[in-house]
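Me: I would like to learn how to read a sheet in a protein model. Could you walk me through one?

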Amino acid sequence: MRLRGHHLVCLNFLTEAFDSAFTALLREMRERALAGEEVEVIEGVDELCSRCPMLADGACEFEEEVREMDADALEALGLRVGDRVRMEEVREKLKGLKEWLDGFCEGCEFQSTCEREKETFFSPA
């Protein structure tokens, strides 16, 4: 699986978005990633983007903003484009980044959709 930076973060918490086609792909990719499939970090449009309604002519309508999110996510996770990682490793890093994650998610249109997953993720065992 190939993912851009912010999707490494969002796939951990987002369970639905946009329309049914995007949500179906999101859930499939989330399941694959959480099951341990290796992820190659890429730059630009990835497989999840393929069903996004914000994709026009092969590019995100908000590419500049999204690239900044990608860079922020990769920096926080200590990853670079070209790295290969498993979601288990990403999740381990995210455990220590709650404050960063709260800021990263602030203002996102899907923030409320992710809250339950985030609460479960950060709740003591």
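Reply: Happy to help; we will go through the sheet strand by strand, bearing in mind that this is a predicted model.

Me: What holds the strands of a sheet together?

Reply: In general, strands of a sheet pair through backbone hydrogen bonds, and the pairing may be parallel or antiparallel. Here, 3 strands make an open sheet in the order S1-S2-S5, with mixed pairing.

Me: Which strands stand at the edges, and why is one side of each left without a neighbour?

Reply: Strand S1 (2-4) and strand S5 (84-86) are at the edges; each has a single partner strand, so one side has no neighbour in the sheet. From one strand to the next, the twist averages 45°.

Me: How many bridges join S1 to S2?

Reply: There are 3 bridges, and S1 and S2 run parallel. To find this pairing in the model, look for Leu3, which stands opposite Val41 in S2.

Me: In which sense do S2 and S5 pair, parallel or antiparallel?

Reply: Strand S2 (residues 38-42) pairs with S5 in the antiparallel sense, over 3 bridges. Here Glu38 faces you as a landmark: Glu38 stands opposite Arg86 in S5.

Me: Which strands does helix H4 touch?

Reply: Helix H4 (residues 87-95) packs on the sheet and touches S1 and S5. The direction of H4 makes about 75° with that of S5.

Technical notes: Residues are numbered from 1 along each chain as its sequence is written. This is a predicted model: local features need pLDDT of at least 70, side-chain atom pairs count only at pLDDT 80 or more; totals for chains, interfaces and linings use all residues. Side-chain values use heavy atoms; hydrogens and water are left out. Two strands pair if DSSP finds at least two bridges between them. Helices (H or I, at least four residues) and strands (E, at least two) are DSSP runs, numbered from the N terminus. Axes are lines fitted to C-alpha atoms, for helices over the stretch in contact, and angles run from 0 to 180 degrees between N-to-C directions. Contact means heavy atoms within 4.5 Å.
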